[in-house]
Each structure stands twice: as structure tokens, then as C-alpha cells.
Amino acid sequence: MSNQAKKDQTQELIKETAKNLFFVKGKFDATTQEIADAVGVNRTLINYYFRSRDNLIQIIFDEAQKVEQDKSKVIQNSDLPFKEKMGQFIEHSLSTSLKYPYLETYIVSQINKGNCHKKDIEEDELKKLYKDIKKEMALGNIETMEPIQFVLNMVSLLVFPSAIRPLLMENLMISEKKFDQIIAARKDIILNILFKN
């Protein structure tokens with residue numbers, strides 16, 4: 001393996017380890033030393049590759065944003081019937097939650113710290129989504145409500161269990177494995193709550 005390939009591999013390992021600490025384990029305040037220890041490298045190597053912890057965090061934040069934007073593209077780019085499109089979005093969101101249980105919480109924590117945030121969906125796409133929701137309401141497939149309420153219901157049903165994962169696991173005495181099984185089974189439950197038929 002060339003020196004450049006080794007450098008690229010080490011850089012990617014540092015990034016993946018940081019993502020694991022932030023998004024999988026929920027350790028948003030992990031220090032450069034903790035990241036280095038988890039990777040098994042010297043802390044100065046992180047500064048060598050990323051210049052600073054803040055720069056590494058920004059790169060991780062940008063990647064987290066991309067994951068969120070990719071989820072939104074499921075809605076934006078599909079010509080499927082509305083319920084099937086929502087089903088795909090829900091399925092993609094749930095699989096992301098299983099892979100990165102603390103992703104949304106991490107993004108919100110970074111926004112609260114004043115880090116930049118790129119919208120996941122543009123205004124014209126949002127208007128189209130609301131129009132599709134209204135059409136489904138007129139057809140009697142969804143309870144009549146403001147379209148934003150439908151979106152809030154869907155996002156709440158998707159994100160809330162993962163956002164408070166540790167609290168639910170402790171209070172309901174659920175193991176990691178069982179919690180993952182519960183999340184994996186939520187697609188049909190969510191669709192049945194959101195849609196009349």
C-alpha cells in the first residue's frame with residue numbers, strides 16, 4: 001500500500017470513528033484525545049489531517065447534513081403514489097436511525113451552537129409536498145389538517161424515539177438489540193397512524 005493510500009485510510013478511519021462517537025454513541029463532546037484513543041492513533045495525527053477538532057466537527061456536520069438531504073430526496077425525486085413515497089421515506093429514515101441513532105440530535109445540537117445548517121428541502125419542493133398532502137386529504141386518505149401538521153406528525157413518529165433512546169431504554173428496560181427491533185418495526189405502524197387506508 002502506498003503512503004498516500006495509508007494516509008487516506010487513516011484519515012477516513014478518524015472520520016468514521018468520530019461519526020461513530022457522535023452519531024452512534026451520542027458522545028457529542030468527545031475530545032480530540034478520545035477520538036484519537038478510539039482510533040488508536042496519536043492525537044497530533046488528527047490535527048495533521050483536519051487542522052483542528054472544530055474542522056473535523058464541521059466535516060462531520062456536513063456529512064450529517066448530506067445524510068439528511070439524501071432522505072429528503074426520497075420525497076422530492078419519486079414519482080410513486082404518495083403513500084408509497086412516504087413509505088420509502090419512512091423506511092429510509094428508520095434505517096438511518098438504526099445506523100446513526102443520534103444523528104438528528106447531533107444536528108440539532110450543532111444548530112443550537114450556531115453552526116451552519118443547510119435546508120434539507122427547498123421552498124418550491126415544500127409547496128409541492130403540501131399540495132400532495134392536501135390532495136391526499138381531499139381523496140380521504142389522510143385526516144384533514146394543516147399539511148404542516150401531517151409533516152410534524154410524521155417527523156415526530158420517526159425521530160422522537162431515537163432522540164430519547166437512552167431514556168426509553170432505561171425507563172422501559174429495553175436492551176439495545178430490542179430497541180433496534182422496535183425501531184425496525186415502526187414503518188407499518190407509522191403508515192397506519194398517518195393514513196386512513
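This is a short tour of a predicted model, moving from a helix crossing to two nonpolar cores and the aromatic rings.

**Stop 1: helices α3 and α4**

Select residues 43–50, helix α3, and residues 53–76, helix α4. The two pack at an angle of about 60°, and their axes are 8 Å apart. The crossing of α3 and α4 is left-handed. To see what makes the contact, show side chains for Ile 46, Asn 47 and Phe 50 on α3, then Arg 53, Asn 55, Leu 56 and Ile 59 on α4. By type, the residues of this contact are four nonpolar, two polar and one charged.

**Stop 2: Ala 64**

Stay on helix α4 and pick Ala 64. Is Ala 64 buried or exposed? Ala 64 has a relative accessible area of 0%, so it counts as buried. Leaving out residues up to four places away in sequence, Ala 64 touches Phe 23, Leu 103, Tyr 106 and Ile 107. Now add Lys 19: its C-alpha is 8.7 Å from that of Ala 64, although 45 residues separate the two in sequence.

**Stop 3: the largest nonpolar core**

Next select Phe 82, Met 86, Ile 90, Ile 133, Phe 150, Leu 194 and Phe 195. Of the 24 residues in the largest nonpolar core, these touch the most other members. Colour by element to see where the core comes from: α4, α5 (82–99), α7 (123–138), α8 (147–163), α10 (176–184) and α11 (186–194) each give two or more residues to it. In soluble globular proteins, nonpolar side chains tend to be buried together.

Centre the view on Met 86. Which residues is Met 86 in contact with, leaving aside neighbours within four places in sequence? They are Ile 75, Leu 129, Phe 150, Met 154, Leu 191 and Phe 195.

A second, separate core has 23 residues, among them Phe 28, Ile 35, Leu 56 and Tyr 100. Leu 56 also appeared at the first stop, in the contact of α3 with α4.

**Stop 4: aromatic rings**

A search of the whole structure gives eight aromatic pairs. For one of them, select Phe 82 and Phe 150: the pair is tilted, with 6.0 Å centre to centre and 45° between the planes. Phe 82 is in helix α5 and Phe 150 in helix α8, so the pair ties together parts 68 residues apart in sequence. Phe 82 counts as buried at 7% relative accessibility, and Phe 150 counts as buried at 1%.

Finally, select Phe 22, Phe 23, Phe 28, Tyr 100 and Tyr 106, which ring pairs link into a cluster. Phe 23 and Tyr 106 are already familiar as contacts of Ala 64, while Phe 28 and Tyr 100 belong to the second core.

Notes. Residues are numbered from 1 along each chain as its sequence is written. This is a predicted model: local features need pLDDT of at least 70, side-chain atom pairs count only at pLDDT 80 or more; totals for chains, interfaces and linings use all residues. Side-chain values use heavy atoms; hydrogens and water are left out. Axes are lines fitted to C-alpha atoms, for helices over the stretch in contact, and angles run from 0 to 180 degrees between N-to-C directions. Helices (H or I, at least four residues) and strands (E, at least two) are DSSP runs, numbered from the N terminus. A crossing is left-handed if the near helix is turned anticlockwise from the far one by less than a right angle, and right-handed if clockwise. Contact means heavy atoms within 4.5 Å. Ala, Val, Leu, Ile, Met, Phe, Trp, Tyr, Cys and Pro count as nonpolar, Asp, Glu, Lys and Arg as charged, and the others, Gly among them, as polar. A nonpolar core is a set of buried Ala, Val, Leu, Ile, Met, Phe, Trp, Tyr and Cys residues joined through side-chain atoms within 4.5 Å. Buried means under 20% relative accessible area, exposed over 50%, partly exposed in between (1.4 Å probe, protein chains only). Rings of Phe, Tyr and Trp (its six-membered ring) pair if their centres lie within 6.5 Å; planes under 30 degrees apart count as stacked, over 60 as edge-to-face and the rest as tilted.
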